[in-house]
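Reader: I'm new to this one and would like a close look at a single part. Could you walk me through the place where two of the domains meet?

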Amino acid sequence: MQHTHILIIGAGMAGTRFAMQYAKSRLSVHSGLGVDSQGEQSRDEFAITLINSEPYAGYNRIMLSPVLAGEKRFAEIYLFSQEEYANHNITVKTGCTVSDINLAAHQVITDSGETIGYDKLVFATGSTPFILPLPNHSAKGVMGFRTKADVDAMLDIAKTNHNGKKSPKCLVIGGGLLGLEAANALVQQGAKVTVVHGAGYLLNRQLDKTAADLLQTYFENKGIEFVLNANSQAICVDEDNQVTGLTYTDNVDTSVPAKTIDTDCIIMTVGVRPNIALAQQVGITCERGILVDNQMRTHTPDVYAIGECVQFDNQLFGLVAPVYEQANILLHTLNEQPGNTSPVFSIQPTATKLKVSGVALFSAGDIDVSHDCEQLIYQDPSHSIYQKITVKDNRILSVVLYGDVQEGGWFFELIQNQQDISAIKDKLLFGKAFCEELLAG
């Protein structure tokens, strides 16, 4: 079999997962990895190079919130060990940036001047936090929440300002999943935290107001303050260009004068933008992201893309489930045998969970759809439990669960399969076991 060199730009969750899956697929046909002659022969058939601009091998970004909160050590969230990379013919180049690509010669050029050849090139360049272009947005103390470096910067602020004298003041712009995780973690580190959110309630893309109010009460009881319907106007700084505050106006009542919140730092969690500058530079077709087909192929031969840098069917991707599915699809694409049909990528419903200890929250489907729909609701205010299922034409469109999420996986399956639930609709809120017993009887 011909030797194949796969070069992956980006060793985040998408690139690293694909690298290991591909290596295992090529080695699985032989036994005795690196031991017997068959294993050695298999290793000679391919090589993988992972290039990462961060000074670390691939780690689980989803677990940065527990690292920030002090619940986990960074070393615990690496995806694989150095030994695992070596055993699977994967070379990891950390602290390395690709500065140019010669597509005709199948070569990448790094910032150190090294030229590396490839047979197949995979963009897994991920995304960058969007920083609102407010006045003084480049001031000291303004940051995103995306990398180990961001976590270190926030921890430095907490340690520098705390010192047993006062709690550091941290302001989070954005009341979405990441913003709430950051706020919760910073409170656990002793910070005084305010969350500024443009909408009228938290997680407005995943929850309805009833569930969001329960969530807000939970966080308020932990000491987090919230300013909703807020339109950020400007970042206040001192003579050293250090953040001192945020000025905002009211989105609802425009007659209210602008107000300012004092703070030592501002963490922006208002979305991300795909990292496509390199792809654009070398002429790979992009719009908002790198354009790919349903087998993760770009418009350029032998060049592929997966993860948060990708645009497919006019959609971008920020959740781990579709990103991992893209890695799986690319694996089949590159291993496709003549006469076989590879699986293709399609956009599927996604589910949301909040990674905060003590919060049970689940959301799935299109929560904005309400016209001509039925809503099945259960509430137990004394135990902060709220469940809402939205149904149309005897199929579940969305689910919002707070306080009790044990049936979330089952509801999600019903959404994915678009299953007719007419026979159990009135009993759905009693759960899977009750409904299955009802059907069996």
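Author: Here's a stroll through the meeting of domain 2 and domain 3. Bear in mind that this is a predicted model, where local features need pLDDT of at least 70 and side-chain atom pairs count only at pLDDT 80 or more, while totals for chains, interfaces and linings use all residues. Residues are numbered from 1 along each chain as its sequence is written, and side-chain values use heavy atoms, with hydrogens and water left out.

The protein splits into domain 1 (4-126 + 275-335), domain 2 (129-271) and domain 3 (360-440), with bounds from an automatic or database domain assignment. Between domain 2 and domain 3, the C-alpha centres are 33 Å apart. Where they touch, 11 residues of domain 2 are in contact with 9 residues of domain 3 (contact means heavy atoms within 4.5 Å). Together they bury about 840 Å², 69% of it on carbon and sulfur atoms; buried area is the accessible area (1.4 Å probe) that two parts lose on being put together, summed over both.

What about charges? There's 1 salt bridge between domain 2 and domain 3, meaning a side-chain nitrogen of Lys or Arg within 4 Å of a carboxyl oxygen of Asp or Glu. D208 and K388 form a salt bridge, with their closest N and O atoms 2.9 Å apart. On the side of domain 2 that touches domain 3, you'll find 6 nonpolar, 3 polar and 2 charged residues. Here Ala, Val, Leu, Ile, Met, Phe, Trp, Tyr, Cys and Pro count as nonpolar, Asp, Glu, Lys and Arg as charged, and the others, Gly among them, as polar.
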